[in-house]
Amino acid sequence: MLARSLIIRTNARTVGTLIALCIALTLGAVGLGAAQAPDEAGFQNFLASLRQRAESSGRSPAAIEAVFSGLTLNPRVIELDRAQPGANPNAPPPLFDPYRRTHVDAQRISRGRAVFAEQRGVLARVERDTGVPGAILIAIWGHETNYGTVTGSFDIPRALASLAYEGRRRELFSGELLAAVDMVARGVPRDQLRGSWAGAMGNPQFLPSVYLRVARDGDGDGRADIWSNGADTLASIGNYFVDAGWQAGEPWGLAVSVPDMLDRQMLVSPIVSPRCPRVFARHSQWRTMAEWRALGLAPQNRPWPGDHVLATLLEPDGPGKTAYLLTGNYRVILDYNCSNFYALSVGLLADAVGS
């Protein structure tokens with residue numbers, strides 16, 4: 001920290017000020033502490049106002065104390081948030097195939113099949129209750145945390161409070177911190193609130209507000225433990241998909257071959273999505289499977305779904321490469337993570353696990 005601070009300041013000053021800088025550095029830890037104090041002091045003032053908001057909303061005093069007590073600013077969380085890459089709107093989209101090879105790989109498929117076998121009874125019950133195929137549930141688990149092996153070790157309230165204080169998405173993270181209070185009031189142990197730096201938790205990587213909305217008890221013990229309980233994890237993912245509009249009996253999509261003579265300009269969608277516009281801009285207009293078949297498209301590895309099923313066309317690697325017809329259930333996967341590469345790889349992993 002001290003060395004990096006010295007480099008930054010050196011680049012910002014002229015050689016004539018280096019003497020003054022060296023004198024200042026002789027103050028050592030005292031000087032460093034003074035430089036950091038305003039950030040922590042500002043964080044504590046912000047935290048006090050947020051705590052007052054929690055108290056005035058009538059939330060449980062015990063839960064508020066459990067969540068807010070002892071919180072300090074986590075600079076690492078802010079650093080990670082600011083380091084997120086921004087999308088260049090003028091940059092061409094990358095190819096999907098390299099992503100697919102690293103996310104739908106032999107290890108993830110093999111482990112997914114093993115977890116599927118271990119959880120077969122739970123998966124059958126969840127699929128019966130929600131209509132979401134067990135392989136889709138397993139694929140989400142595999143993509144989010146590699147089947148529970150990488151769930152994150154950040155203290156969630158501290159991370160959320162730090163992100164809220166940073167201010168770029170203050171209301172979002174303030175609301176999530178208050179939702180964490182509600183989780184504790186509901187009976188979730190305070191020390192279980194651990195996960196990613198961005199506030200997502202457990203096997204399915206739910207934010208606190210998502211946990212409150214869709215987490216479910218999958219084994220009848222009265223708790224929705226998405227951290228260490230496979231049945232609760234799968235029931236909760238299934239309930240998320242139901243909440244997002246999953247249609248039972250409809251596939252997520254299928255790989256297809258596209259004839260060279262297809263008039264792609266005719267299929268460009270005139271609709272600009274208000275959500276994730278760059279993601280949806282790559283999708284064609286909707287057509288029925290019967291209409292796509294009439295246009296000369298052909299499935300690569302499965303039969304055609306019903307003629308009436310609607311789908312859009314996505315060619316992630318351009319003409320001449322594998323393309324995909326994507327149904328409304330694909331949009332549900334996008335609700336989990338609004339990335340075509342993510343949603344495609346979830347669908348392909350589910351196909352491989354369930355085959």
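**Entry 1. A pair in the sheet**

I began with Val256, which stands opposite Ala323 in strand 7. The model I am reading is a predicted one. I then looked up how strand 3, residues 253-257, sits against strand 7: the two run antiparallel and are joined by four bridges.

**Entry 2. Strand 7**

I asked whether the residues of strand 7 are buried or exposed. Strand 7 spans residues 323-326, and both of its faces are covered. Ala323 and Leu325 are buried on one side, and Tyr324 and Leu326 are buried on the other. I used the cut-off of under 20% relative accessible area for "buried".

**Entry 3. Strand 6**

Next I looked at strand 6, residues 310-314, which pairs with strand 7 in the antiparallel sense over three bridges. I noted two of the partners by name. Leu314 has Tyr324 of strand 7 as its bridge partner, and Thr312 has Leu326 of strand 7. Strand 6 is mostly covered, with four of its five residues buried.

I also followed strand 6 to strand 4, residues 287-288, and found two bridges between them, again with the strands running antiparallel. Thr288 stands opposite Leu310 in strand 6.

**Entry 4. Strand 5 and the whole sheet**

I went back to strand 3 and looked up strand 5. Two bridges join strand 3 to strand 5, and the two strands run antiparallel. Ser257 has Ala298 in strand 5 as its bridge partner.

With these pairs noted, I wrote down the order of the strands. The sheet is open, has five strands in the order 4-6-7-3-5, and its pairing is antiparallel. Which strands stand at the edges? They are strand 4 and strand 5 (298-299); each has a single partner strand, so one side of each is left without a neighbour in the sheet. As background, I noted that strands of a sheet pair through backbone hydrogen bonds, either parallel or antiparallel.

**Entry 5. Two residues with positive phi**

I turned to the backbone angles. Most residues other than glycine have a negative phi. I wrote down two residues that have a positive value.

Tyr147 has a phi near 60°, and it is not a glycine. I found Tyr147 in the loop between helix 9 (134-145) and strand 1 (154-155). Tyr147 has a relative accessible area of 5%, so I entered it as buried.

Gln205 has a positive phi of about 55° and is likewise not a glycine. I located Gln205 in the loop between strand 2 (194-195) and helix 12 (208-214). The relative accessible area of Gln205 is 16%, so I listed this residue as buried too.

**Entry 6. The largest pocket**

Last, I looked up empty space. Rolling a probe the size of a water molecule over the atoms shows where such space is left. The largest pocket has a volume of about 800 Å³. It is lined by 27 residues, and those closest to its centre are Glu144, Ala200, Gln205, Tyr336 and Asn337. Gln205, from the entry on phi, is thus one I met again here.

I asked which elements give two or more residues to this lining. They are helix 6 (96-103), helix 9, helix 11 (170-186), helix 12 and helix 16 (328-336). Helix 11 gives the largest share, three residues. By class, I recorded 13 nonpolar, seven polar and seven charged residues in the lining of the largest pocket.

Definitions and conventions
Residues are numbered from 1 along each chain as its sequence is written. This is a predicted model: local features need pLDDT of at least 70, side-chain atom pairs count only at pLDDT 80 or more; totals for chains, interfaces and linings use all residues. Side-chain values use heavy atoms; hydrogens and water are left out. Buried means under 20% relative accessible area, exposed over 50%, partly exposed in between (1.4 Å probe, protein chains only). Two strands pair if DSSP finds at least two bridges between them. On a 1 Å grid over the protein atoms alone, a cavity is a set of points where a 1.4 Å probe fits but cannot get out, and a pocket is an open set with protein on both sides within 12 Å along at least five of seven lines; lining residues have an atom within 4 Å of a point. Grid points are joined across faces, edges and corners, and a volume is the space filled by probe spheres set on the points. Ala, Val, Leu, Ile, Met, Phe, Trp, Tyr, Cys and Pro count as nonpolar, Asp, Glu, Lys and Arg as charged, and the others, Gly among them, as polar.
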